[in-house]
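Here are some notes for a colleague who is opening this entry for the first time. They deal with the empty spaces inside the protein and with the ligand.

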Amino acid sequence: MKIRSAVALSAAFLLAACGGGGQIGDSGSGNSAANKKLVLIPGITAEPFYISMQCGFQEAAKAAGYEFDTQAPAKFDAAQQTPIVTGVLASKPAAVLIAPTDDKAMAGPMKQLKDAGIKVVEVDTKLQDTSIASSTISSNNEQGGKLAAETLNKLSAGKTGSVLVLNTKAGTSTTDARAKGFEDEIKKYSNLKYIGQQYTDNEPATAASKVTATLAANPDLIGVFATNLNTGEGAATGLRNAGKTGAVNLVGFDASPKQVEDLKAGTVQALIAQDPATIGKQGVEQALAAIEGKATKRNIETDLVAITKDDAEKNSKYFYKQSC
Ligand code: T6T
């Protein structure tokens with residue numbers, strides 16, 4: 001079946017990229033002292049944000065003497081993530097760390113985990129329903145959007161023009177919060193005209209074509225905020241194709257090797273970087289607390305930093321990894 005083979009390949013790729021991991025067998029059920037299995041279910045496979053998160057997850061799981069496994073969908077899509085959750089449910093790990101790809105659609109599958117006695121910790125994205133996970137570890141994404149707007153305002157240096165938000169998929173808690181934080185802040189700057197957000201479905205090619213189409217309809221475009229990695233990489237391509245690199249300031253979210261290369265080359269003017277390895281590590285800490293019946297923290301915020309070409313090297317610890 002198409003999805004199953006994509007899943008198997010995804011997991012194999014991530015394991016190869018990150019130096020392998022403990023495999024999950026069939027033994028063990030629910031949360032007993034003997035069950036030492038943790039599973040990470042990222043939003044999408046083979047993507048530097050989640051690879052970096054997986055590195056932090058694996059290191060912490062190994063240090064605690066736990067077995068670990070990662071299983072990711074080929075696309076950032078609830079229809080592809082759901083069968084992975086169902087498969088993981090059958091293998092009965094002690095806890096699952098998950099980045100739900102939709103803040104409503106993943107509630108059912110995640111509740112099944114909880115009902116089976118498996119501890120659930122949200123890493124990065126979260127559900128609207130706060131009753132399922134023991135803990136949520138994430139950047140303050142609304143604050144990140146605000147930071148992006150402040151950064152774009154500084155880069156615009158008082159010039160007048162239109163500003164576009166390229167968002168990913170509606171129902172993604174993180175990127176929705178970033179778009180909101182940006183919109184609330186950008187409206188404070190009278191020289192910057194906010195022309196709304198467009199969705200890219202997390203596809204770089206769609207981001208590129210939305211940028212070129214927006215430029216054709218709004219020749220006064222002076223700024224773009226791209227709310228995540230794929231969208232930012234695609235927006236940079238769109239501006240390059242339109243010959244507008246540098247003329248339109250591009251503020252991206254995340255710090256993949258490609259995004260950092262674009263920042264250093266001047267194709268992207270600023271990046272708002274997260275700390276995914278710490279999200280993975282803290283996710284393990286919260287999962288272990290839940291398994292051991294200790295107190296968990298319902299919400300944990302991790303670092304966010306705005307990086308420009310001038311301070312890129314100083315902030316290199318925030319650059320995401322392609323392998324552990
Ligand atoms: O920006 C991250 C993550 O925080 C977001 O929830 C989904 O997109 C990324 O994984 C980057 O692609």
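**Notes on the cavity, a pocket and the ligand**

1. The largest cavity has a lining of 17 residues, and those that lie nearest its centre are Tyr-50, Phe-76, Asp-124, Arg-178 and Asn-228. The elements that contribute two or more residues to this lining are α2 (48-63) and α6 (173-186), and α6 gives the most, with three residues. Please keep in mind while reading that this is a predicted model.

2. As for its extent, the largest cavity has a volume of about 150 Å³, and a search of the whole structure finds one cavity of 30 Å³ or more. Sorted by class, the lining of the largest cavity is made up of five nonpolar, eight polar and four charged residues.

3. Where does the largest cavity lie with respect to domain 1 and domain 2? Both domain 1 (37-133 + 276-300) and domain 2 (141-273) give residues to the lining of the largest cavity, and therefore it lies between them.

4. The ligand deserves a point of its own, and the residues that surround it are Glu-47, Phe-49, Tyr-50, Asp-124, Thr-125, Thr-174, Arg-178, Asn-228, Leu-229, Asp-254 and Gln-274. Among the residues around the ligand are Tyr-50, Asp-124, Arg-178 and Asn-228, which are also named among the residues nearest the centre of the largest cavity.

5. Three side chains can be checked individually against the oxygen atoms of the ligand. In Asp-254, an N or O atom of the side chain is 2.6 Å from an oxygen atom of the ligand; for Arg-178, the distance from a polar side-chain atom to a ligand oxygen atom is 2.7 Å; and for Gln-274, a polar side-chain atom lies 2.9 Å from an oxygen atom of the ligand. On its own the ligand has 300 Å² of accessible area, and the protein covers 99% of this.

6. The second largest pocket should be considered separately, with a volume of about 220 Å³ and a lining of 13 residues, of which Lys-126, Ser-138, Ser-139, Asn-140 and Asn-141 lie nearest its centre. Two or more residues of this lining come from each of β5 (135-139), α6 and β11 (299-302), and by class the lining of the second largest pocket divides into two nonpolar, eight polar and three charged residues. Because domain 1 and domain 2 both give residues to the lining of the second largest pocket, this pocket lies between them.

How values were computed
Residues are numbered from 1 along each chain as its sequence is written. This is a predicted model: local features need pLDDT of at least 70, side-chain atom pairs count only at pLDDT 80 or more; totals for chains, interfaces and linings use all residues. Side-chain values use heavy atoms; hydrogens and water are left out. On a 1 Å grid over the protein atoms alone, a cavity is a set of points where a 1.4 Å probe fits but cannot get out, and a pocket is an open set with protein on both sides within 12 Å along at least five of seven lines; lining residues have an atom within 4 Å of a point. Grid points are joined across faces, edges and corners, and a volume is the space filled by probe spheres set on the points. Helices (H or I, at least four residues) and strands (E, at least two) are DSSP runs, numbered from the N terminus. Ala, Val, Leu, Ile, Met, Phe, Trp, Tyr, Cys and Pro count as nonpolar, Asp, Glu, Lys and Arg as charged, and the others, Gly among them, as polar. Domain bounds come from an automatic or database domain assignment. A residue is near a molecule or strand if one of its heavy atoms lies within 4 Å of it. A polar contact is a pair of N or O atoms within 3.5 Å; within protein, one must be able to donate a hydrogen and the other to accept it, and residues adjacent in sequence count only if both atoms are side-chain atoms. Accessible areas come from the Shrake-Rupley method with a 1.4 Å probe; for residues, only the protein chains shown count as cover.
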